[in-house]
Amino acid sequence: MATETPGESAWAAAGGRIGPRDLASARVLLDRAAALTTPGADPLAVVAVLRREFPETEPALVGEAATQARLRARAAPRLGPRAEHLVLSDAGLQQASRWAVAAYRAGELHRRLQASGTAASPLVADLGCGLGIDALALAEAGFRVRGVERDPWTAEAAAVNCAGQSGVAIVEGDAIDANLSDCAAAFCDPARRDPGSPLATHGRGRSARVIDPARWSPPWPWVVQVSRVLPMVAKAAPGLRESAVPRDAEREWIEVDGELVECCVWFAPLGDPGVRRATVLIGGTAFTLGSAEPDGVAGAAATADAYLLEPAAAVRRAMLVGALADSLRASGNPVGRIGDWLTGSRDPETAWVRAWQVEEALPRGSRALRDALCGFGPITWKTDAIRESAEAVDRRVGHRPASGGRSATVVMLDDGSAWLARRAPHVARRDGNEVGERFP
Ligand SMILES: C[S@@+](CC[C@H](N)C(=O)[O-])C[C@H]1O[C@@H](n2cnc3c(N)ncnc32)[C@H](O)[C@@H]1O
């Protein structure tokens, strides 16, 4: 059974490692550790200075403060300035949602619940809340939140991290036993790491990703079961197979800072049945495109035009390249399709594509390509990574970079053609030229 998180840290008292509450109360030490943790600073030297400056402080607490400072610095790009105030663990940070995604998803949940007539600030269960990043985002979006976390150290860290945010309660226990009877909705972000690895608790180091959703924790089949009794949104790996998702759910692939980070599943009634959605988050703006129709293949181009357009990874994963081509055409950008790439006479300057200016057609075939590139320096291969990785192309072609030769980018398309191309500046115009809706 789940139990309330104890008010006091039991960690130090039990002679174990330093607990989150001990860390949170050592603010002066943490501030000093942060000031010393400049880029490239030697961790041992940081600890030595702290030991000298805080001679009365337990050495284990000093060491943990230095670790926290490093984790906070590492977390800043994902979590923004709030990382400076959080208690983190290596395992928790690796699994934590990026703030931009957590905030977007929380806002979406609010919008979708309101659209279905749910009360203004309902209670949402965060099942497997980790360090509490999503719990914080849900609370900021206007929800009351009950975070449930099985790992005691992580649960205490979540309680510390959410202490300043009203309406959040963290419960230490198994999500499978959690009381959901008073909740209006649930969010679940299952752990997708090998439970046998040290990172399953609070260890350090890399752990293997678990591919089979039935082995995630909580297990995916349980998440699906809960979705039948409670409106549910869940975070899953981008590669989640279609058969693992009920037909009436909506899958949303989310990309942030050019990286495809997750497949978010909106179970019925929160999602539009069968819709595949691609969402690109750029600087606080969400561009989104969705369809339940099979991807169209109309508009094939015989050859590349002046620009090759690489659709966002979220668009390709959601199998929406045809829908994107239609939308671009509808907004005055005639484009043709070559495999999962598009081509056109100009850069449509949208969040949906990266544009490459075509410089020269290259011959087909590995040997001819190697000869054509003789004298060039290092080559960056742009491929459809799902079919052949850039490393594999590099090996296949066997290009030897000439010393002093100019570096170049070669785009290899599905039809076997290859193009010397130059990257156009990435522009996501906010002047109405973009495709899809915008969210604040
Ligand atoms: C991917 S992390 C959640 C990260 C969180 N969304 C965030 O952004 O900070 C999954 C968490 O679920 C916890 N967990 C795994 N199985 C659980 C279970 N059965 N009950 C409660 N928590 C569980 C793990 O300890 C881990 O902290």
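Let's start at Pro269, which sits in the loop that links strand 8 (259-266) to strand 9 (276-282). The model here is a predicted one, and in it the peptide bond between Ala268 and Pro269 is cis, with omega at about 10°. That's worth a second look, since most peptide bonds are trans.

There's another cis bond to look at. It runs from Ser217 to Pro218, and its omega is near -10°. Pro218 again belongs to a loop, this time the one between strand 5 (185-188) and helix 9 (220-227).

Ser217 also takes us to the ligand, because it turns up among the closest of the 22 residues that surround the ligand, along with Gly128, Gly130, Ile133 and Ala175. Which helix and which strand each supply at least two residues of this shell? They are helix 7 (133-140) and strand 3 (144-149). As for chemistry, the shell is a mix: nine of its residues are nonpolar, seven are polar and six are charged.

Now for some backbone angles. Most residues other than glycine have a negative phi, so a positive one is a good reason to stop and look. Asp257 is such a case, with phi near 50°. You'll find Asp257 in the loop between strand 7 (250-256) and strand 8. Is Asp257 buried or partly exposed? It counts as partly exposed, because it has 13 C-beta neighbours inside 10 Å, and a residue needs 20 or more to be called buried.

Met319 is a further non-glycine residue with a positive phi, about 55°. Its home is the loop between helix 10 (313-317) and helix 11 (321-330). With 16 other C-beta atoms within 10 Å, Met319 is partly exposed too.

Step past Met319 and you come to helix 11. What does its buried side look like? Val321, Ala323, Leu324, Ala325, Ser327 and Leu328 are buried there. It helps to recall that an α-helix has 3.6 residues a turn, so residues three or four places apart point the same way. The buried residues of helix 11 have plenty to pack against: strand 10 (285-291), strand 11 (307-311), helix 10, strand 12 (335-338) and strand 13 (341-344). Helix 10, then, is a packing partner of helix 11 as well as its neighbour across the loop that holds Met319.

Beyond the end of helix 11 comes Gly332, where phi is positive once more, near 85°.

Notes. Residues numbered from 1 in each chain as written. Predicted model: local features only at pLDDT ≥ 70, side-chain atom pairs only at ≥ 80, totals over all residues. Near = placed C-beta within 6 Å. Helix = DSSP H or I, 4+ residues; strand = E, 2+ residues; numbered from the N terminus. Nonpolar A, V, L, I, M, F, W, Y, C, P; charged D, E, K, R; others polar. Buried ≥ 20, exposed ≤ 12 C-beta atoms within 10 Å, placed from the backbone. Contact = placed C-beta atoms within 7 Å.
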